[in-house]
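Visitor: I'd like to go through this structure and ask, label by label, where each one comes from. Can you take me round?

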Amino acid sequence: MRKPIIAGNWKMHKTVSEAIELCESLDRAVQDLEIDVVVCPPFTALSAVCALGMSKVKIGAQNVSIAEGGAYTGEISPLMLVDVCCSYVIIGHSERRQHFGETDAMVNQKVHLALKHGLHPIVCVGESLAQRKAGETETVVVSQTKAAFAGVAREQVPEVVIAYEPIWAIGTGETASAEDANQVIGTIRKTIAQIFDQEVADQIRIQYGGSVKPDNIQELMAQPEIDGALVGGASLDLKGFTAIVHYQTQ
Ligand code: PGA
């Protein structure tokens, strides 16, 4: 049985004091849950959120450098993330691929480096609207998945989380239908089975992301292949995110 994992990607939102306020309340609100709950605040808030010593909510970063340290102005190393209590890191989000030129090769480098330092990568894959219309969804996610896992040791595969995020569904209010998301995630799982084997493919957790809200989470989580969600906009609001993580009792 795969343990569900719901992560909030705050993107470029919230000051340090806003982050503290949200995390304090969220940690109290999720104590009863059996699932993994992760928040990914901006870098500037990580240290303060770490200092809260949250007992249930885990902390993730939204990006990591391809290097461990050195002359990389503006970059953050995995060692620095571990130092501020991060246990997860989002890698290859479509916004980073689109606006910051992140390539499959860089995603792969980051996955290796994160794993080396004990961070769980949340690797994002997903097709654009043009690719979907051209019937290329499966080809795109399969090739992104293969590239991200190149050279990764079999034992480390279950440490990784994959987030299937169709780009056209991010921040748009449009979601893939639950059945559709389930099917693509099934294809991603098959790809993992082909690269490694069925046993690890059955262990790896794969999330859906793209306009996840309190009113669609139940349907998504009811799908057999969907193990969680990567939530953007709806994770910024305590009430909304609390409702999402409590999908089992909503
Ligand atoms: P959204 O973002 O929930 O606001 O669509 C999801 C994401 O980008 O991870």
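Visitor: What makes a residue part of the shell around the ligand, and which are the closest?
Guide: This is a predicted model, and here the cut-off is a heavy atom within 4 Å of the ligand. In this model 13 residues surround the ligand, the closest being Lys11, His93, Glu165, Gly171 and Ser211.

Visitor: How does that shell divide into nonpolar, polar and charged residues?
Guide: Four are nonpolar, seven polar and two charged. Glycine goes into the polar class by the convention used here.

Visitor: What makes the approach of lysine 11 to the ligand a polar contact?
Guide: The pair has to be N or O atoms within 3.5 Å. A polar side-chain atom of lysine 11 sits 2.7 Å from a ligand oxygen, so the pair falls inside the 3.5 Å limit.

Visitor: Which part of serine 211 lies 2.7 Å from an oxygen atom of the ligand?
Guide: That would be a backbone N or O atom of serine 211. Glycine 232 also uses its backbone, with a polar atom there 2.8 Å from an oxygen of the ligand. As for cover, the ligand taken alone exposes 290 Å², and the protein buries 97% of that.

Visitor: Why is serine 211 called buried?
Guide: Its relative accessible area is 8%, and buried means under 20%, so the label follows. Serine 211 sits in the loop between strand S7 (205–209) and H10. Its phi is positive, about 55 degrees, although serine 211 is not a glycine.

Visitor: Where is cysteine 85, and why does it count as partly exposed?
Guide: Look in the loop between helix H3 (78–83) and strand S4 (86–91). Cysteine 85 has 35% relative accessibility; partly exposed covers the range between 20% and 50%, so that is the class for cysteine 85. Phi is positive here too, near 70 degrees, in a residue other than glycine.

Visitor: How do you know that aspartate 104 and arginine 97 meet in a salt bridge?
Guide: The test is a side-chain nitrogen of Lys or Arg within 4 Å of a carboxyl oxygen of Asp or Glu. For aspartate 104 and arginine 97 the N to O distance is 2.7 Å, so they pass. Arginine 97, at 17% relative accessibility, counts as buried, while aspartate 104, at 27%, counts as partly exposed. The structure holds 15 salt bridges.

Visitor: What makes glutamate 199 and arginine 154 a salt bridge?
Guide: Their closest N and O atoms are 3.3 Å apart, and the limit is 4 Å, so the pair qualifies. The two come from distant parts of the chain, 45 residues apart: glutamate 199 is in helix H9 (residues 198–203), and arginine 154 is in the loop between helix H7 (137–148) and strand S6 (161–164).

Visitor: Is glutamate 199 buried or exposed?
Guide: Exposed: its relative accessible area is 52%, and the class begins over 50%. Arginine 154, with 33%, is partly exposed.

Visitor: Why can you say that arginine 189 and glutamate 225 tie parts of the chain together?
Guide: Their side chains meet in a salt bridge, 2.5 Å from N to O. Arginine 189 lies in helix H8 (residues 178–195) and glutamate 225 in the loop between helix H10 (217–221) and strand S8 (228–231), so the bridge ties together parts 36 residues apart in sequence. Salt bridges that share partners also join Arg2, Arg189, Glu225 and Asp227 into one network. Arginine 189 counts as buried at 4% relative accessibility, and glutamate 225 as partly exposed at 23%.

Visitor: What makes a set of residues a nonpolar core, and which members of the largest one touch the most others?
Guide: The members are buried nonpolar residues joined through side-chain atoms within 4.5 Å. The largest core has 68 residues, and Ile6, Val37, Phe149 and Tyr208 touch the most other members. H8 supplies the largest share of this core, seven residues. There is a second, separate core of 11 residues, with Ala7, Cys40, Cys124 and Ala163 among them.

Visitor: Why does proline 42 count as buried, and where is it?
Guide: At 13% relative accessibility, proline 42 is under the 20% limit, so it counts as buried. Proline 42 lies in the loop between strand S2 (36–40) and helix H2 (43–51).

Note on methods: Residues numbered from 1 in each chain as written. Predicted model: local features only at pLDDT ≥ 70, side-chain atom pairs only at ≥ 80, totals over all residues. Heavy atoms only, no water. Polar contact = N/O pair within 3.5 Å; in protein donor to acceptor, adjacent residues only side chain to side chain. Areas by Shrake-Rupley, 256 points an atom, 1.4 Å probe, with all protein chains shown as cover. Buried < 20%, exposed > 50% of the residue type's maximum accessible area, 1.4 Å probe, protein only. Helix = DSSP H or I, 4+ residues; strand = E, 2+ residues; numbered from the N terminus.
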